[in-house]
Amino acid sequence: MKFNSAVKPEKGNEFLVDLADINVDHSVNNRFTETDVTILVQSISQYGQLEAVGAVRVKPHNTLQLAYGYGRYEAIRQINESLPEDQRMKIRVTVFDGNERDVFLRNLAENAHRNDLTHMDYALAIRKLTELYGQTDSQIAQFFGRTNGWVSQHRALLSLDHTVQQKLHDGSLSFTDAYALTKVSEERQREIVASVTVLPPAEAAPAPAAEQPEAGTVVEAPAPAKAKPEKEKKVKIKELVAKETGGKTRRTYADMQQFFQIMIGSPACSTNLQRLAQTMLGIMNGDLDSDAEAVEALEAIIGMDI
């Protein structure tokens, strides 16, 4: 599937390419679920492809690997299925030189820039950045322009039951509630989410029939009925989790990070305690990525052999 270098460029590094000339690996796409492309199919059919997709030219075989624009690619593929071969659309592609890592990072950066990632999309991307490319929390936080605590909180979402993850992904569950659920077992997560419902408003009793006035009588318009205050209140999952654990929840990775970060620079903590907090953060963030380095750093603080 080699890139045809004879394809006429549209502008700069943008080309018109046959879909068959692009290799597509959906595992690189930073999505929790596949995107519905129905609207894209209608838009591209009517107006054409308005924005180029991105692809990396992978050497030494000179092949194109789709980096971002999976929805546009899929929409054009579906459109072409209904067209004769000689009328099928080519796809506008902005081409970059790089490798598989560049493919992944370009896809991630493009979607993040478009604000087109859900909390679960971020969680999966963080896992890939850590496991595939050895990125530390600090490096990931810098990539997204976030904090280390934000990274660890999103990593914690990976411990959620899949059905709970889906609710977070589709917006029916808030991030605050989803993160609270990481503190209990998957079974309890499902039970708590299932128990949280909003009861329908109670039906009002029918008003008595009004008496008919005598002919010629002037009748004043009745005063508008006052709206009754809403009595039903959706129970917050965070509150249920606190009740479930007796107000004592195990500290998550993110909780520990925040705990140590607060210690650093706090006048209530001694210099040694602040050094300990800094070292613990270094261990958690991967700055001290070997057991030997971690032990050496801890020994230096306590001043004794372990």
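**Salt bridges, a helix and a charged patch**

User: Which side chains meet in a salt bridge with an N to O distance of 2.8 Å?

Analyst: Asp 137 and Arg 155 do. A salt bridge here is a side-chain nitrogen of Lys or Arg within 4 Å of a carboxyl oxygen of Asp or Glu. The pair links distant parts of the chain, with Asp 137 in helix α5 and Arg 155 in helix α6, 18 residues apart. Helices are DSSP runs (H or I, at least four residues), and strands are too (E, at least two), numbered from the N terminus.

User: Is this model predicted or not, and how are residues numbered?

Analyst: It's a predicted model, where local features need pLDDT of at least 70 and side-chain atom pairs count only at pLDDT 80 or more, while totals for chains, interfaces and linings use all residues. Residues are numbered from 1 along each chain as its sequence is written, and side-chain values use heavy atoms, with hydrogens and water left out.

User: Back to that pair. Is Asp 137 buried or exposed?

Analyst: Asp 137 counts as buried because its relative accessibility is 4%. Arg 155, at 22%, is partly exposed. Buried means under 20% relative accessible area, exposed over 50%, and partly exposed in between (1.4 Å probe, protein chains only).

User: How many salt bridges does the structure hold?

Analyst: Seven. One of them joins Lys 90 to Asp 18, at 2.6 Å, N to O. That pair also links distant parts of the chain: Lys 90 sits in the loop between α2 (70–81) and β6 (91–98), Asp 18 in the loop between β2 (14–17) and β3 (22–23), 72 residues apart.

User: Any networks? Which residues are linked?

Analyst: Glu 74, Arg 77 and Glu 81 are linked in a network of salt bridges.

User: New topic. Which residues of helix α11 are buried?

Analyst: In α11 (residues 253–263) they are Ala 254, Asp 255, Gln 257, Phe 260 and Met 263. These residues pack against α5 (137–144), α6 (148–156), α8 (175–181) and α12 (271–285). Just after α11, Gly 265 takes a positive phi of about 85°.

User: And what is Val 41 in contact with?

Analyst: Ala 75, Gln 78 and Ile 79, leaving aside neighbours within four places in sequence. Contact means heavy atoms within 4.5 Å. Val 41 lies in helix α1 (residues 38–47) and is buried, with a relative accessible area of 18%.

User: Last one: how many helices and strands in the protein?

Analyst: There are 13 helices and six strands. Of the 306 residues, 37% count as buried.
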